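The exercises below ask you to work through a model step by step, with the coordinates open beside the text. Try each task before reading the solution that follows.

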Amino acid sequence: QVQLVESGGGLVQAGGSLRLSCAVSGRSLSTYAMGWFRQAPGKEREIVAVITWSGSSTNYADSVKGRFTISRDNAKNTVTLQMNSLKPEDTAVYYCNRVLNMRGSPAYDFWGPGTQVTVSS
């Protein structure tokens, strides 16, 4: 049974930074692409960033390009999202999941608890 646990969220002022981490347990996802998603209040969950299994290729939503960086450590079965120059519109609950393609289609129909990111203006 795969488990996804996100951490690292918090309250930060606009312009600040946060580093999110996704820990995967139950099986190794080192041969799969992974993604970070977010869901703001009243909105649908959206893809934020995707990384291939090797880490050699990434893809980002236009709204976060140049500010967010996704990376992974296959030996530790973790995926990280470095978020810089945060904006109030980045406020959301952030989730990770395995993805089926570089567009960020989620592979699993279950999700971890997520981690709350709140950016104050």
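## Exercise 1: the nonpolar core

Task: in this predicted model, find which residues have the most contacts inside the largest nonpolar core, and which strands supply it.

Solution. The largest nonpolar core has 29 residues, and those with the most contacts inside it are Trp36, Phe68, Ile70, Leu81, Met83 and Tyr94. Turning to the strands, at least two residues of this core come from each of β3 (18-25), β4, β5 (46-51), β7 (68-73), β8, β9 and β10 (115-120). Of these contributions, that of β3 is the most, with 4 residues.

As a closer step, take methionine 83 and set aside residues up to four places away in sequence; the residues that methionine 83 then touches are Gly16, Ser17, Leu18, Leu20, Arg67, Phe68, Tyr94 and Val117.

## Exercise 2: the open sheet

Task: establish the strand order of the open sheet of 6 strands, and name its edge strands.

Solution. Following the pairing across the open sheet gives the order β2-β10-β9-β4-β5-β6, and the pairing is mixed. The edges are β2 (10-13) and β6 (58-60), each of which pairs on one side only. From one strand to the next, the twist averages 25°.

A single pair can then be examined in detail: β4 and β9 are antiparallel and pair over 6 bridges. Within this pairing, arginine 38 has tyrosine 94 of β9 as its bridge partner. Strands of a sheet pair through backbone hydrogen bonds, either parallel or antiparallel.

## Exercise 3: the disulfide

Task: locate the disulfide, determine its handedness, and say which strands it ties together.

Solution. A search of the whole structure yields 1 disulfide, which joins cysteine 22 to cysteine 96 with an S to S distance of 1.9 Å. Because the torsion about the S-S bond of cysteine 22 and cysteine 96 is about 60°, the disulfide is right-handed. Cysteine 22 belongs to strand β3 and cysteine 96 to strand β9, so the pair ties together parts that are 74 residues apart in sequence. Both cysteine 22 and cysteine 96 are buried.

The surroundings of cysteine 22 can be followed through threonine 78, a residue of strand β8. With residues up to four places away in sequence not counted, threonine 78 touches Cys22, Ala23, Arg72 and Asp73. Threonine 78 counts as buried because its relative accessibility is 18%, where the cut-off for buried is under 20%.

## Exercise 4: salt bridges

Task: count the salt bridges, and work out which residues they join into one network.

Solution. The count comes to 4 salt bridges. Begin with arginine 38, whose side chain meets that of glutamate 46 in a salt bridge of 2.8 Å, N to O. Arginine 38 is buried at a relative accessible area of 6%, whereas glutamate 46 counts as partly exposed at 36% relative accessibility.

Next, arginine 38 also forms a salt bridge with aspartate 90, and here the closest N and O atoms are 2.9 Å apart. This pair links distant parts of the chain, since aspartate 90 sits in the loop between β8 (78-83) and β9 (92-98) and arginine 38 in strand β4 (residues 34-39), 52 residues apart. Aspartate 90 is buried, with a relative accessible area of 1%.

For a further salt bridge, look at aspartate 62 and lysine 65, whose closest N and O atoms are 3.2 Å apart. Aspartate 62 is exposed at 65% relative accessibility, and lysine 65 is partly exposed with a relative accessible area of 48%. The network is then assembled from salt bridges that share partners, and its members are Arg38, Glu46, Arg67 and Asp90.

## Exercise 5: a loop proline

Task: place proline 106 in the chain, decide whether proline 106 is buried, partly exposed or exposed, and list its contacts.

Solution. Proline 106 is found in the loop between β9 and β10, and its relative accessibility of 36% makes it partly exposed. Beyond four places in sequence, proline 106 is in contact with Phe37, Asn97, Arg98, Val99, Leu100 and Trp111. As a final step, compare sequence and space: proline 106 and tryptophan 36 are 70 residues apart in sequence, with a C-alpha to C-alpha distance of 9.7 Å.

Conventions. Residues numbered from 1 in each chain as written. Predicted model: local features only at pLDDT ≥ 70, side-chain atom pairs only at ≥ 80, totals over all residues. Heavy atoms only, no water. Buried < 20%, exposed > 50% of the residue type's maximum accessible area, 1.4 Å probe, protein only. Pairing = 2+ DSSP bridges. Axes fitted to C-alpha atoms, helices over the stretch in contact; angles between N-to-C directions. Core = buried A, V, L, I, M, F, W, Y, C linked by side-chain atoms within 4.5 Å. Contact = heavy atoms within 4.5 Å. Disulfide = S-S within 2.5 Å.
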